[in-house]
Amino acid sequence: MIALIIRDLKISVRAGGGFGLSLAFFFIIVIFFPFAIGPDLDLLSKVAPGTLWLGALLACLLSLERIFALDFEDGTLDLLATSSLPLESVVISKALVHWLTTGLPLVLLTPFFGILLGLQNNNIIFLIISLIFGTPALSIIGTFGAALTAGMKRGGLLLSILVLPLYIPTLIFGAEAARRGIQGFETQNSILLLLGVSLLSWAILPFAAASVLRINLR
Amino acid sequence: MSFWEYANPVKFLKLSGVLLPYFSILAAITIIAGISWGFFFTPDDYKQGATVKILYVHVPSAFVAINAWFMMLVASIIWLVRRHHVSALAAKAAAPIGIAMTIIGLVTGALWGQPMWGTWWEWDPKLTSFLILFLFYLGYIILWAAVDDPDTAADLTSVLCIVGSVFAVLSRYATNFWNQGLHQDASLSIDKEEHVADVFYYPLIVVMAGFVLLFFALVLLNTRSEIMKRRAGAIMARSRI
């Protein structure tokens, strides 16, 4: 499992591996947003948590198709399925790599983007916490969607349609936690609910994704 | 004589062929009776005027839209556990009806909301969760259409239906939470059933029964045509050999 994680990490950071793509996309959203809205920092700081969350979600969506598509095409997935490693663990490692290459960098970059969007230093912490708890859910839900569409040639559009409604609870609780924190309300409930969604997703979706992969590999 | 006998397509076709006309006629009678009772023989509401009559279509369609998904969930689980093809096809058959009812619910709601709330659309928890339900139906139907092999499609959509149900329930509570966070004023989310007076309530029940019968009739019809389509495909494949 660790070998698989290291292999996938290596592939993703190489040129054309898609590591930079979602980061660049996130970057573009944050840079271009003020051009579209106007340079008013008060207004920007009001919509900043929503913007950053939406940016993280879309950046995540962009890189989902790669999780299984390449391995499915060249037969690696067949080998993984017949190896002694349970397919559930394969799903977990794939989701983990996806998070390490998209979710984690986004979280690390959030302080800088938060400043660009006019957030105060002590407010950014809420955004970071909500993203740390929320982006793992985005990764595992997306991995399930990618497993559903693994066998299809052009599954990109289908993948986003399937995954979008599944993302709604995470987005609601995550953006809510960040917004409440920034406006100075209590955040405990929304953060706990967000964490609940994340843990629930990581508990049930590896099984669902593995069963779907087995169907697709038949 | 067990319920599972009807998992046999031949027996199912036979039984559903007998039941279908009854369901259709009963649905037509109850819907026509209920709607005309509601439209012409009940007074206008003192506040809402004649617009209250939209609810005779709105509430039953919303009711069917939600319960169609439950029916699909049960049928999907039966397919995954017992591998009865009729069950998978029934789930497939219910989805277009469900999405149509969702759209009817959303559109009639907008028509009612414009004069009453002064807006076509409000990000109220109920409205929002219906929009989410619409997205779930959409994904489910598209996934059925995207996969060529019927058994693979049935398996994939069944898993999606189960996972989707979990997340649909989550979304329902999330939207409640989210909307409270936005504005505390809950005056828009009238719980319709509890506030409805008897004059409006009885015709509403009749129309709801009619919509449920209509749903059964349409599911039977769709499932029958799916089975026949598959049978025709098998015959064609055989004749090619």
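What follows is a walk through a predicted model, taking in chain A, chain B and the place where they touch.

Chain A is a good place to start. Its mean pLDDT is 87, and 98% of its residues reach 70 or more. Confidence varies along the chain, though: among the elements of chain A, helix α1(A), residues 2–13, has the lowest mean pLDDT, at 81, while helix α9(A), residues 188–217, has the highest, at 92.

Helix α3(A), residues 41–62, turns up in two helix pairs. One partner is α2(A), residues 19–37, and here the axes lie 9 Å apart and make an angle of about 150 degrees. Since angles over 145 degrees count as roughly antiparallel, α2(A) is therefore roughly antiparallel to α3(A). The crossing of these two helices is right-handed. On the α2(A) side, the contact draws on Leu21(A), Ser22(A), Phe25(A), Phe26(A), Ile29(A), Val30(A), Phe33(A), Pro34(A) and Ile37(A). From α3(A) come residues including Leu43(A), Leu44(A), Thr51(A), Gly55(A) and Ala56(A). Sorted by class, this contact holds 15 nonpolar and 3 polar residues, with no charged ones.

The other partner is α7(A), residues 121–148, whose axis comes within 10 Å of that of α3(A) and crosses it at roughly 25 degrees. Angles under 35 degrees count as roughly parallel, so α3(A) and α7(A) are roughly parallel to each other. This crossing, too, is right-handed. Pro49(A), Leu52(A), Ala56(A), Leu57(A), Cys60(A) and Leu61(A) of α3(A) come up against Leu127(A), Leu131(A), Thr135(A), Leu138(A), Ser139(A) and Gly142(A) of α7(A). The tally by class is 9 nonpolar, 3 polar and no charged residues. Ala56(A) and Cys60(A) of α3(A) appear in the contact with α7(A) and also in the one with α2(A).

Now for chain B. Its secondary structure amounts to 7 helices and 0 strands, so the run of elements from the N terminus reads α-α-α-α-α-α-α. Of its 241 residues, 41% are buried. Among contacts in chain B with a separation of 6 or more, 79% link residues 24 or more positions apart.

Two residues of chain B give a closer view. His58(B) sits in helix α2(B), residues 55–82. It has 22 C-beta neighbours inside 10 Å, and 20 or more is what it takes to be buried, so His58(B) counts as buried. Leaving aside residues up to four places away in sequence, His58(B) touches Gly105(B), Thr108(B), Gly109(B) and Trp112(B). Thr157(B), 99 residues away from His58(B) along the chain, is another matter: the two C-alpha atoms are separated by 28 Å.

Arg83(B) belongs to the loop between α2(B) and α3(B), the latter covering residues 85–117. With 13 other C-beta atoms within 10 Å, Arg83(B) is partly exposed. Its backbone is worth a look as well, as phi is near 55 degrees, a positive value in a residue other than glycine. Most residues other than glycine have a negative phi.

Finally, the two chains meet. In this contact, 22 residues of chain B face 22 residues of chain A. On the chain B side, the elements giving two or more residues are α4(B), residues 125–146, and α5(B), residues 150–182. The largest share, 14 residues, comes from α5(B). By class, the chain B side consists of 16 nonpolar, 5 polar and 1 charged.

Definitions and conventions: Residues are numbered from 1 along each chain as its sequence is written. Chains are lettered from A and ligands numbered from 1 in the order in which they are written. This is a predicted model: local features need pLDDT of at least 70, side-chain atom pairs count only at pLDDT 80 or more; totals for chains, interfaces and linings use all residues. Two residues are in contact if their C-beta atoms, placed from the backbone, lie within 7 Å. Helices (H or I, at least four residues) and strands (E, at least two) are DSSP runs, numbered from the N terminus. Ala, Val, Leu, Ile, Met, Phe, Trp, Tyr, Cys and Pro count as nonpolar, Asp, Glu, Lys and Arg as charged, and the others, Gly among them, as polar. pLDDT is the predictor's confidence in each residue, from 0 to 100. Axes are lines fitted to C-alpha atoms, for helices over the stretch in contact, and angles run from 0 to 180 degrees between N-to-C directions. Angles under 35 degrees count as roughly parallel, over 145 as roughly antiparallel, 65 to 115 as roughly perpendicular and the rest as oblique. A crossing is left-handed if the near helix is turned anticlockwise from the far one by less than a right angle, and right-handed if clockwise. A residue is buried if 20 or more other C-beta atoms lie within 10 Å of its own, exposed if 12 or fewer, and partly exposed in between; C-beta atoms are placed from the backbone.
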